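Open the model in your viewer and show it as a cartoon. The stops below can be selected one after another by residue number.

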Amino acid sequence: MKPKAVLFDLDGVLIDSETLYTQFWGEVGRHHHLPSPTFAQDIKGTTLDDILTTHFPDPEVRKDVDRLLHKFENEIVYPIFPGALELADRLRGEGIKCVIVTSSDDKKMGFLFNQHPGFRGHFDAIVTAADVTRSKPDPQPYLIGAAKAGCAPEECIVVEDSFQGLASGRSAGAKVIAIATTNPRESLQGKADTIVDTVADITPEVIADL
């Protein structure tokens with residue numbers, strides 16, 4: 001198929017940040033004695049509001065976690081995966097819209113854009129946590145992404161690394177490419193239409209075979 005749009009998740013797809021986030025949220029979970037040993041993995045792809053509301057009932061604790069997260073996000077380096085921006089540019093050159101669909105909030109996106117001033121210009125639109133009321137794995141983020149691209153979800157390809165994001169893209173009705181940067185290939189089987197190792201492996205042939 002030739003899609004009308006490709007909808008990209010951000011962390012673990014376009015920028016190599018998931019390992020750092022896993023370490024951060026693992027430490028937060030241990031510090032606050034959260035019962036799930038896989039807390040850092042369980043929340044991947046979900047918005048900060050959803051994480052705070054679901055896991056931190058104390059308002060003072062929520063405020064402190066929010067402060068620590070944005071301090072962390074302001075200080076870390078956001079490496080762009082090799083081939084990510086080149087892929088977006090090639091797709092747009094073929095008339096295919098490129099949209100970022102992230103659970104990140106606008107404050108984090110500001111840190112990213114300050115670090116990479118030209119990053120935003122490679123994409124036609126961006127969906128952030130501020131645009132949604134229901135976090136991944138709900139389909140809403142990718143439905144909004146398709147709408148921002150001006151097409152139906154069935155005319156889109158979603159590129160994701162997290163289980164929550166893959167479920168969101170599929171339930172929205174899009175074709176889904178899983179990237180094995182955050183989760184091993186074997187754990188992604190059956191959750192996507194195809195699996196690649198990195199964003200640089202998304203070729204015209206991979207897209208045509210969907």
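Select residues 163-172, which form helix H8. The model is predicted. Which residues of helix H8 are buried? They are Gln164, Gly165, Leu166, Ser168, Gly169 and Ala172.

Keep helix H8 selected and add what covers its buried residues. Among the covering elements are two helices that can be picked as H2 (39-42) and H7 (140-149). Helix H9 (185-188) also takes part, as do strands S4 (156-160) and S5 (175-179).

Now go to Gly173, which follows helix H8. The phi of Gly173 is positive, near 105°.

Next, select strand S4, residues 156-160. Why is strand S4 described as largely enclosed by the rest of the structure? Because five of its five residues are buried, and buried here means under 20% relative accessible area. Show the side chains: Cys156, Val158 and Glu160 point one way from strand S4, while Ile157 and Val159 point the other way. Residues on both sides are buried.

Add strand S1, residues 5-8. Strands S1 and S4 run parallel and are joined by four bridges. To find one place where they meet, pick Val6, which stands opposite Ile157 in strand S4.

Then add strand S5. Strand S5 pairs with strand S4 in the parallel sense, over four bridges. Pick Glu160 and look for its bridge partner in strand S5, Ala178. Finally, trace the chain from strand S4 through helix H8 to strand S5: this is a β-α-β crossover, and it is right-handed.

Notes
Residues numbered from 1 in each chain as written. Predicted model: local features only at pLDDT ≥ 70, side-chain atom pairs only at ≥ 80, totals over all residues. Heavy atoms only, no water. Buried < 20%, exposed > 50% of the residue type's maximum accessible area, 1.4 Å probe, protein only. Contact = heavy atoms within 4.5 Å. Pairing = 2+ DSSP bridges. Right-handed = clockwise from strand over helix to strand, strands pointing away.
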